[in-house]
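The following note sets out points on one model for a colleague's consideration. Each point may be checked against the sequence and coordinates shown here.

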Amino acid sequence: FSHLVSRLHFGESSCFFPQSGIARVFDEVEKGSVDWGVVPVENSLEGSVNLTLDSLMTTMLHIRAEIFLRITHCLLSLHKRLEDIEKIYSHPQALAQCQVWLRANLPDAALIEMESTAAAAQKAAREKKGAAICSPAAAALYGLNVFAEGIEDKSSNTTRFLVIGGGEGKP
């Protein structure tokens, strides 16, 4: 979802450099490898993203902008049958935001936490019995089938993202 927010904020023609997690985003901006970073800070269902808040307390970077995004989760997999799924990968926030659907539809599947929904999609694309909870855009990006859309527990699910960078003002 951070990539989607980045595209919305900076435009499709910008260059993006995906990182393996929130800490890496802060690291790369602090080192000057990239000018800006986009990180989630708060979700309407699951609350604060503590790693982002902790990083904000210790960094010299500034909040340059904030973006609110309505979050829609999908279940993605290489398989075409729900019965074939034994493991579901996703970020802890996404797993928590889809608990009701998961209990009703895949109660025996193992839930495995990943550092991001993108990493979960990559893992599901390599796993015979795996699936991922991700954004709808991840399906095409990683060659996965969409089993179900809108599996989040509440349709009002929204995440606030921050653009971080050096200097003052908005990028």
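1. Helices (H or I, at least four residues) and strands (E, at least two) are DSSP runs, numbered from the N terminus. On this basis Thr117 is placed in helix α6. The model under discussion is a predicted one.

2. Thr117 has a relative accessibility of 13% and therefore counts as buried, the cut-off being under 20%. Setting aside neighbours within four places in sequence, the contacts of Thr117 are Phe1, Ser90, His91, Ala94, Ile133 and Cys134.

3. Helix α6, spanning residues 117-124, lies across three strands, namely β4 (74-77), β5 and β7 (130-134). Relative to β7, helix α6 runs at about 155°.

4. The sheet concerned is open and has 5 strands, in the order β6-β5-β7-β4-β8, with mixed pairing. Its edges are formed by β6 (110-113) and β8 (145-149), each of which pairs on one side only. On average, neighbouring strands of the sheet are turned by 30° against each other, with direction ignored.

5. Within this sheet, β5 (residues 87-90) and β6 run parallel and are joined by 4 bridges. Tyr89 has Ile112 of β6 as its bridge partner.

6. Which residues of helix α2 (residues 22-31) are buried? They are Ile22, Val25, Phe26, Glu28 and Val29. Viewed down the axis of α2, these buried residues fall within an arc of 165°, so they line one face of the helix. An α-helix has 3.6 residues a turn, so residues three or four places apart point the same way.

7. The cover over the buried residues of α2 includes β1 (36-43), α3 (50-58) and β9 (158-165). Just after α2, Gly32 adopts a positive phi of about 85°.

8. How do α2 and α3 stand to each other, and what angle do they make? Their axes come within 9 Å and cross at roughly 30°. Angles under 35 degrees count as roughly parallel, and α2 and α3 are therefore roughly parallel to each other. The crossing of the two helices is right-handed. On the α2 side the contact is made by Ile22, Ala23 and Phe26, and on the α3 side by Leu51, Thr52, Ser55 and Leu56. Of these α2 residues, Ile22 and Phe26 are also listed as buried.

Key: Residues are numbered from 1 along each chain as its sequence is written. This is a predicted model: local features need pLDDT of at least 70, side-chain atom pairs count only at pLDDT 80 or more; totals for chains, interfaces and linings use all residues. Side-chain values use heavy atoms; hydrogens and water are left out. Two strands pair if DSSP finds at least two bridges between them. Axes are lines fitted to C-alpha atoms, for helices over the stretch in contact, and angles run from 0 to 180 degrees between N-to-C directions. Contact means heavy atoms within 4.5 Å. Buried means under 20% relative accessible area, exposed over 50%, partly exposed in between (1.4 Å probe, protein chains only). The arc is that of the directions from the helix axis to the C-beta atoms. Angles under 35 degrees count as roughly parallel, over 145 as roughly antiparallel, 65 to 115 as roughly perpendicular and the rest as oblique. A crossing is left-handed if the near helix is turned anticlockwise from the far one by less than a right angle, and right-handed if clockwise.
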